[in-house]
Amino acid sequence: FRKVKALSSLPAAGALLGKLAWPWATLTLTGLLALVGITWGRGWHPPGNLWWVAGALALLMAVSVTAGAALAAVTRSLRTALSGAGFFAAPAFAFSGVAFPLSGMPASARAWAEAMPFTHYIRLQIEQLQMGAPLSTSVSTMAALIVAAIVLWLIAAIGLRRALRQPASWGGR
């Protein structure tokens, strides 16, 4: 029965991809331009693989836009979805482990940090741009970002499919 429901969400999933493609592309391009600007643009050739970091950045943007879509589809309220996105985005930098090490955080703070996609992206970026780590150390991060983007996209598609049956529920409190 669940497979049938998921398959019936395929048209919504395709439409969702079309709606998210432009924001994803523009956010990714902006991030890539900044990445190239702070590295090659300043004459710095990092010891790791810049292309791998660029791929991770594109995946982080995919997770970000699909997370927003999932929040909007599940809550059926743009206001609530934006608040939820802020709830996740605002502490992402503080809890990423860059300013304050993850190992020094209390268990609850570390759990929150580990739930943030940015924590994993920034670790990959540091591994590649500053440490020159082998790509094998970052494969799990790339895989997790791919899985997160796909799962969030499917949640958004299913949420949209359900919302289609109750159009009066959009924008509710």
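Start with the whole chain in view: of its contacts with a separation of 6 or more, 69% are between residues 24 or more positions apart. Keep in mind as you click around that this is a predicted model.

**Stop 1: the whole chain**

Switch to cartoon view. You should find seven helices and zero strands, and walking from the N terminus the elements read α-α-α-α-α-α-α. Along the principal axes, the C-alpha atoms fill a box of roughly 55 × 35 × 30 Å. If you colour by accessibility, 34% of the 173 residues count as buried.

**Stop 2: the largest nonpolar core**

Next, select L35, V53, A56, F118 and Y121. In the largest nonpolar core, which has 21 residues, these five touch the most other members. Now show the helices around them: α3 (50-75), α6 (117-131) and α7 are the elements that give two or more residues to this core. The top contributor is α3, with ten residues.

Stay on F118 for a moment. Which residues does F118 contact once its neighbours within four places in sequence are left aside? Pick out L60, A92, F93 and S96, and you have them.

There is also a second core, separate from this one, with eleven residues; A13, A73, W153 and A156 are among them.

**Stop 3: the largest pocket**

Turn on a surface and look for the largest pocket, which holds about 710 Å³ of space. To find the middle, select L60, S64, A89, P117 and F118: of the 26 lining residues, these lie nearest the centre. F118 should look familiar, as one of the residues that touch the most other members of the largest core.

Which helices supply at least two residues each of the lining? They are α2 (10-38), α3, α4 (78-89), α6 and α7. Helix α3 has the largest share, nine residues. Colour the lining by class and you get 22 nonpolar residues, four polar ones and no charged ones.

**Stop 4: A163 and R76**

Move to A163, which sits in helix α7 (residues 139-164). Buried or exposed? A163 has a relative accessibility of 1%, so it counts as buried. Draw a distance to A73: the two C-alpha atoms are 7.3 Å apart, although the residues are 90 positions apart along the chain. A73 is one of the residues in the second core.

Now list the contacts of A163, ignoring neighbours within four places in sequence, and you get R76 and W170. Click R76 next. R76 is in the loop between α3 and α4, and at 14% relative accessibility it counts as buried, because the cut-off is under 20%. The backbone deserves a look too. Most residues other than glycine have a negative phi. R76 is not a glycine, yet its phi is positive, at about 60°.

**Stop 5: A34**

For another alanine, go to A34 in helix α2. With 43% relative accessibility, A34 counts as partly exposed. Try a distance here as well: the C-alpha atoms of A34 and E114 are separated by 25 Å, with their positions 80 residues apart along the chain.

**Stop 6: the aromatic pairs**

Finally, show the aromatic side chains. Searching the whole structure turns up five aromatic pairs. A pair like this is described by the distance of the ring centres and the angle of the planes.

Select W40 and W51 to begin with. Their ring centres are 5.9 Å apart and their planes are at 70°, so this pair is edge-to-face. W40 is in the loop between α2 and α3 while W51 is in helix α3, so the pair ties together parts eleven residues apart in sequence. W40 is partly exposed, at 36% relative accessible area, and W51 is exposed, at 64%.

Then select F88 and W112. Here the centres are 5.6 Å apart and the planes are at 15°, so the pair is stacked. F88 belongs to helix α4 and W112 to helix α5 (residues 107-115), and the pair links these distant parts of the chain, 24 residues apart. Both count as partly exposed: F88 has a relative accessibility of 39%, and W112 has 25%. Before you leave, add F87 to the selection: ring pairs link F87, F88 and W112 into a cluster.

Key:
Residues numbered from 1 in each chain as written. Heavy atoms only, no water. Helix = DSSP H or I, 4+ residues; strand = E, 2+ residues; numbered from the N terminus. Buried < 20%, exposed > 50% of the residue type's maximum accessible area, 1.4 Å probe, protein only. Contact = heavy atoms within 4.5 Å. Core = buried A, V, L, I, M, F, W, Y, C linked by side-chain atoms within 4.5 Å. 1 Å grid on protein atoms, 1.4 Å probe; cavity = no way out; pocket = protein on both sides within 12 Å on 5 of 7 lines; lining within 4 Å. Points joined across faces, edges and corners; volume = space filled by probe spheres on them. Nonpolar A, V, L, I, M, F, W, Y, C, P; charged D, E, K, R; others polar. Phe/Tyr/Trp six-rings, centres within 6.5 Å; stacked < 30°, edge-to-face > 60°.
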